[in-house]
Amino acid sequence: KSALGGDFSSLSAYIPKIPNARVIKENVLAHVIKSFNRAKIDIFNKLGIGEQVIYKTRNDEKVSSICRGFHDRPMTRDKAQQLIPQHVNCRCTFVPT
């Protein structure tokens, strides 16, 4: 019996399985990073900052092999926006040239 007095055990078959907390956290974080970088592009546009940006990693031992080759590489804002985040737990960003 539930706290409400009813027996809801039969409803469990209709409730979709929820992914574990790690997967939820990774997905939320990826969307936050993507949204943050889109907002940066909007600000760059409003401020008239040029089309080129520089891809930045944290440049430490935790940087992935996927991102390492992009560190300090100039690219267009559109390209940078498409790349970041490149993987789960990506910490990369871009800065104006």
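Trainee: Let's start with Ile24: in which helix does Ile24 lie?
Mentor: A caution first: this model is predicted, with local features needing pLDDT of at least 70 and side-chain atom pairs counting only at pLDDT 80 or more, while totals for chains, interfaces and linings use all residues. Residues are numbered from 1 along each chain as its sequence is written, and side-chain values use heavy atoms, leaving out hydrogens and water. Helices (H or I, at least four residues) and strands (E, at least two) are DSSP runs numbered from the N terminus. The helix with Ile24 spans residues 21-47 and is H1.

Trainee: Is Ile24 buried, exposed or partly exposed?
Mentor: Buried means under 20% relative accessible area, exposed over 50% and partly exposed in between (1.4 Å probe, protein chains only). Because its relative accessibility is 38%, Ile24 counts as partly exposed.

Trainee: What accessible area do Ile24, Val28, Leu29 and Val32 have together?
Mentor: These four form a nonpolar patch on the surface. Patch members have over 30% relative accessible area and no salt bridge, with like charges joined within 9 Å and nonpolar side chains (Val, Leu, Ile, Met, Phe, Trp, Tyr) within 5 Å; a salt bridge is a side-chain nitrogen of Lys or Arg within 4 Å of a carboxyl oxygen of Asp or Glu. Areas come from the Shrake-Rupley method with a 1.4 Å probe, and for residues only the protein chains shown count as cover. Together the four have about 310 Å².

Trainee: In what order do the elements run from the N terminus on?
Mentor: The protein has three helices and three strands. From the N terminus, their order is α-β-α-β-α-β.

Trainee: Which element gives the largest share of the largest nonpolar core?
Mentor: A nonpolar core is a set of buried Ala, Val, Leu, Ile, Met, Phe, Trp, Tyr and Cys residues joined through side-chain atoms within 4.5 Å. The largest one has 15 residues, and Tyr55, Met75, Ile84 and Phe94 touch the most other members. At least two of its residues come from each of H1, S1 and helix H3 (77-83). With three residues, the largest share comes from H1.

Trainee: Arg77 lies in helix H3; which side chain does its own side chain meet in a polar contact?
Mentor: At 5% relative accessibility, Arg77 counts as buried. Contact means heavy atoms within 4.5 Å, and a polar contact is a pair of N or O atoms within 3.5 Å; within protein, one must be able to donate a hydrogen and the other to accept it, and residues adjacent in sequence count only if both atoms are side-chain atoms. The Arg77 side chain reaches the backbone oxygen of Ile49 at 2.7 Å. At 2.8 Å, its side-chain partner is Glu51.

Trainee: How far is the backbone nitrogen of Thr76 from a polar side-chain atom of Gln52?
Mentor: Gln52 is found in strand S1 (residues 52-56). Beyond four places in sequence, Gln52 touches Pro74, Met75, Thr76, Pro96 and Thr97. The polar side-chain atom of Gln52 and the Thr76 nitrogen are separated by 3.4 Å.

Trainee: Which residue does a cis peptide bond join to Ile84?
Mentor: Omega of this bond is about 0 degrees. The partner is found in the loop between H3 and strand S3 (93-96). That residue is Pro85.

Trainee: What is phi of Asn89?
Mentor: The place of Asn89 is in the loop between H3 and S3. Although Asn89 is not a glycine, its phi is positive, at about 65 degrees.
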